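User: Please take a close look at one part of this model. Start from a single strand, follow what it touches, and then describe the metal site and the remaining sheet contacts.

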Amino acid sequence: MFLTHRYLAIFCFLLIPFSVLAQTKNNSFRIVPLGVLGGIDESNLSAYMVASEGSNNYVCLDAGTLHYGIQKAIDNKVFSIPAEQVLRRYIKGYFISHAHLDHIAGLIINSPDDSTKNIYALASCIETIKTHYFTWESWANFANEGEAPAIKKYHYQTLTPDSLIAIQNTSMYVRAFPLSHSNLTSTAFLINNNDAYILYLGDTGADDIEKSHNLHNLWLAIAPLIKSKKLKAIMIETSFPDEQPDKTLFGHLTPHWLMTEMDDLAVLTGPDALKGFNVIITHLKPPQTSINKIKTQLAAENKLYLNLIFPQQGKEINL
Ligand SMILES: [Zn+2]
Ligand SMILES: [Zn+2]
């Protein structure tokens, strides 16, 4: 009897760490939203830290708000080191989808306190940063190219669509896809760690409105990853409620246009593959009445039974 209990105790002891392991193993990525809105509130603009589960080697997808979001995450016990250290030590590189201020203001403002790292973006986006922001008239040139003298803290890494590159100081890889965003080219980043993927889209309009095939081409590329369950989530914008007229969308999506795009994706994956699939809704534009409308309309139009996730600033998401 004594022995049985003893073995049972040992067995339970062994079981605990295994069950903890199994739990973390199911998750592939940790996402820490630093800013989730699409405008107005400068303390809550698009920026998402993403790392593989169990790692603190993050990339930052867009960088509208950094410091305020990091502080919120610390208040929520996501990080246990000071905000300056999170910025310097945990963020290993920035991925900028396009150079609109709501996607890069945090990076510019925090640059004096930041550490050396890469800025990854398409050539057109790097060109704008180089000639409009990291200049000695608008700020200081903290990058490695552009106006002299270059402080060389940030190193521009030009991404070319479709090529797979390793993200320095992390175990992750990235592939970039162009998106149509009114007059600009925006970017989608497909991040992977081993066999797990996550797709982040910067601002984008629907193909029908933008007279483009960029989203359709992106869906073609990722459909196999959804069918094989390797893609853990799509992070995509919904900026305006359906009441916004098509002619004043300025390269953004509404619930109607997001679901139109998801229908296009569903043709490629089959609708069953999208049932319960994680779609993280980004870039909701204030005021709060619009945000509430967007959420209600998305729920009403969710005929595919997507798992819609509304990220909150400083609250970790594990996928
Ligand atoms: Zn934009
Ligand atoms: Zn934006």
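Analyst: Two strands are taken to pair if DSSP finds at least two bridges between them. Strands (E, at least two residues) and helices (H or I, at least four residues) are DSSP runs, numbered from the N terminus. The model is predicted, so local features need pLDDT of at least 70 and side-chain atom pairs count only at pLDDT 80 or more, while totals for chains, interfaces and linings use all residues. Residues are numbered from 1 along each chain as its sequence is written, chains are lettered from A and ligands numbered from 1 in the order in which they are written, and side-chain values use heavy atoms, with hydrogens and water left out.

The part chosen is strand β3. Strand β2 (residues 47–52) pairs with β3 in the antiparallel sense, over four bridges. A47 has A63 in β3 as its bridge partner. Five residues lie between the two strands of this hairpin, where G54 takes a positive phi near 85°. β3 also pairs with β4, in the parallel sense and again over four bridges. In that pairing, Y58 stands opposite I91 of β4.

Burial is judged by relative accessible area: buried means under 20%, exposed over 50%, and partly exposed in between (1.4 Å probe, protein chains only). β3 is largely enclosed by the rest of the structure, because six of its six residues are buried.

The aromatic residues extend the picture. Rings of Phe, Tyr and Trp (its six-membered ring) pair if their centres lie within 6.5 Å; planes under 30 degrees apart count as stacked, over 60 as edge-to-face and the rest as tilted. Nine aromatic pairs are found by this rule. In one of them, Y58 and F79 meet edge-to-face, with 5.8 Å between centres and 85° between planes. This pair links distant parts of the chain: Y58 is in β3 (residues 58–63), and F79, 21 residues away, is in the loop between α2 (67–75) and α3 (83–90). Y58 counts as buried because its relative accessibility is 0%. F79 is buried too, with a relative accessible area of 4%. F95 and Y120 form another pair, this one stacked, at 4.4 Å centre to centre and 5° between the planes. These two also come from distant parts of the chain: F95 is in strand β4 (residues 91–95) and Y120 in strand β5 (residues 117–122), 25 residues apart. F95 has a relative accessible area of 0% and so is buried; Y120, at 1%, is buried as well. Elsewhere, Y94, F134, F142 and Y154 form one aromatic cluster.

The loop residue F79 leads back to helix α2, where I74 lies. I74 is buried, with a relative accessible area of 18%. Contact here means heavy atoms within 4.5 Å. Apart from its neighbours within four places in sequence, I74 is in contact with F79, I81, P82, A83 and V86. By contrast, T158 lies 32 Å from I74, C-alpha to C-alpha, and 84 residues from it in sequence.

The metal site comes next. Donors are N, O and S atoms within 2.8 Å of the metal (3.2 Å for Na, K and Ca); water is not among the atoms, so sites may look incomplete. The zinc ion (ligand 1) has H98 (NE2), H100 (ND1), H181 (NE2) and D203 (OD) as protein donors, at 2.2 to 2.4 Å. Their spacing in sequence is H-x1-H-x80-H-x21-D. Four donors count as tetrahedral if all angles lie between 85 and 135 degrees; four count as square planar and six as octahedral if opposite donors are over 155 degrees apart and all others between 65 and 115; anything else is irregular. The angles among the four donor atoms of the zinc ion (ligand 1) run from 89 to 168°, and the site is irregular. D203 bridges the zinc ion (ligand 1) and the zinc ion (ligand 2), which are 3.4 Å apart. Among the donors, H98 is buried at 1% relative accessible area, whereas H100 is partly exposed at 30%.

Strand β11 (residues 231–237) has six of its seven residues buried. β11 pairs in the parallel sense with strand β10 (residues 196–201) over three bridges, and Y200 stands opposite M235 in β11. Strand β12 (residues 278–282) runs parallel to β11 and is joined to it by four bridges; E237 has T282 in β12 as its bridge partner.
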